[in-house]
Amino acid sequence: MPIVSTFAATFSGSLLDLPDKGSAVRFHRRISWLANPASFNCHFQNGMHLPRFAHGRSSVAGKHSSIRAALLDETVSHQNLGKLTSEILAFDLVQGELVKWSNVMDRSPDPPTAVFLHGILGSRKNWGTFARRLAKEFPAWQFLLVDLRCHGDSTLTTKMSPHTVSATALDVLKLVRQLKITPRVLVGHSFGGKVVLSMVEQAAKPLARPVRVWVLDATPGIVRPGGDGEDHPEQLISFLSTLGNEVYSKQDVVNALVQHGFSKDVAQWVVTNLRPIGPHSSSSSGFSWAFDLKGIAEMYHSYEETNLWKIVEDVPRGVHINFLKAERSLHRWALEDIRRIHAAEELAVEEGGGVEMHVLEDAGHWVHADNPDGLFRILSSSFKGIRT
């Protein structure tokens, strides 16, 4: 069974969810990265020991040349994870049982890693069940699940505006560089799909080892709103902004969303972003949102405006970009988009890169919820095809 390591690299002191009951290894306690402690020790129930970490200030290089190394280095050494700055995002690391790299002090080569990114108003928890399933099927792999800026536990970090697709991608590149992880697979859903494309755009080319990129139900260019029965993020963000940062109950929010025309599924998904604000996580004092809605509105606007067709039509050598269209996601995809991707497929073969189009049957925009089995089958090719 997969090993789930949970780190809140947000210097918040907030507690994170424990691994699910199916995990073979569980933490005796939750791990929180505090702002200024000199060190701490954390023991696991199965006898594993997390080494002592010194917390201090370390500079994370902002120049692209140093960040590119995160995707370029064939062999990397692992440095102390405690030396993180406030720019680092909150994340979970889900490891298969054959992964020997158990902590960041281990200097052995990093195991093959896949990075999973959520969409607007989502969180790393959206990918938790799916990642654990992958870790069980591909036990030599590890899976990095990230809360993007302004989302989840990463709201507790300070992120400067503008909140753009490019800036979000740079956050993730800084994180994998800090962790000394060389990702071989990048998966992004919706907004996260453009983020992974931007990560490739900002990394050096050609890449030193093959990287497979999955863009799930998103196009590189114009963002088209969903039709009837589909989600409408811009309207949802606008409505949520009228509710205030604190609410009395989750059910009140669900009822309000449904009354304003949003589906019950979307409403119930949205309230997973509510956190109790009472003592000891009690809900008696109400709830607050686990996101920065003003920042998210900026991010969504950037998502609509960002055009990344260039990276698709001039794919770096060693990069394979996969687009996955949900069968029932009709309004997001124009015939022009599909034709352009197919044209890029032919060009990429000639240039030593790769572009491929896939269709996920029986799924709407929420691909990992609507048809997780079908998505698992399609994505599995990336983990079978790379030697570990």
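**Notes on the aromatic cluster and its surroundings**

1. Let's start with one phenylalanine. F383 has a relative accessibility of 4% and therefore counts as buried (buried is under 20% relative accessible area, exposed over 50% and partly exposed in between, with a 1.4 Å probe and protein chains only). This is a predicted model, in which local features need pLDDT of at least 70 and side-chain atom pairs count only at pLDDT 80 or more, whereas totals for chains, interfaces and linings use all residues. Residues are numbered from 1 along each chain as its sequence is written, and side-chain values use heavy atoms, with hydrogens and water left out.

2. Now the overall picture. The protein chain has 12 helices and 13 strands (DSSP runs numbered from the N terminus: helices are H or I with at least four residues, strands are E with at least two). Of its 388 residues, 57% count as buried. Among contacts with a separation of 6 or more, 74% are between residues 24 or more positions apart; contact means heavy atoms within 4.5 Å.

3. Aromatic pairs deserve a look. The structure holds 15 of them. The rings of W127 and F130 have centres 5.6 Å apart and planes at 70°, so this pair is edge-to-face. For the terms, rings of Phe, Tyr and Trp (its six-membered ring) pair if their centres lie within 6.5 Å; planes under 30 degrees apart are stacked, over 60 edge-to-face, and the rest tilted. Both partners are buried: W127 has a relative accessible area of 0%, and F130 is at 6% relative accessibility.

4. The ring of F383 has a partner too. W141 and F383 make an edge-to-face pair, 4.8 Å centre to centre with 85° between the planes. This pair links distant parts of the chain, 242 residues apart: W141 is in the loop between α2 (128-137) and β6 (142-146), and F383 is in helix α12 (residues 372-384). W141 is buried as well, at 2% relative accessibility.

5. The two pairs above belong to a wider group. F116, W127, F130, F138, W141, F143, F376 and F383 form one aromatic cluster. A charge joins in, as R133 lies over the face of F376, at 4.2 Å from the ring centre (this requires NZ of Lys or CZ of Arg within 6 Å of the ring centre and within 35 degrees of the ring normal).

6. Strand β6 carries F143 of that cluster. Five of the five residues of β6 are buried, so the strand is largely enclosed by the rest of the structure. Q142, L144 and V146 point one way, while F143 and L145 point the other way.

7. Which strands pair with β6? Strand β4 (residues 91-95) does so in the antiparallel sense over five bridges, with Q95 opposite Q142. Strand β5 (residues 113-117) runs parallel to β6 and is joined to it by five bridges; here L117 has V146 as its bridge partner. Pairing needs at least two bridges found by DSSP. From β5 the chain crosses through α2 to β6, and this β-α-β crossover is right-handed, which means that, with the strands pointing away from the viewer, the path from the first strand over the helix to the second runs clockwise.

8. Elsewhere, an open sheet has three strands in the order β9-β11-β10, with antiparallel pairing. β9 (246-247) and β10 (274-276) stand at the edges with a single partner strand each, so one side of each lacks a neighbour in the sheet. Two bridges join β9 to strand β11 (residues 287-289), and E246 stands opposite S288 in β11.

9. Helix α8 (residues 293-305) passes a length check: at 1.5 Å a residue its 13 residues should span 18 Å, and its end C-alpha atoms are indeed 18 Å apart. The expected span is 1.5 Å times one less than the number of residues. Its buried residues are L293, G295, I296, M299, Y300, S302 and Y303, and they pack against α3 (165-178), α4 (191-202) and α5 (233-240).

10. One last residue to find on screen: N322, in strand β12 (residues 319-326). N322 is buried, with a relative accessible area of 0%. Setting aside neighbours within four places in sequence, N322 is in contact with R212, V213, W214, V215, E356 and H358. The C-alpha atoms of N322 and I341 are separated by 9.7 Å, and the two residues are 19 apart along the chain.
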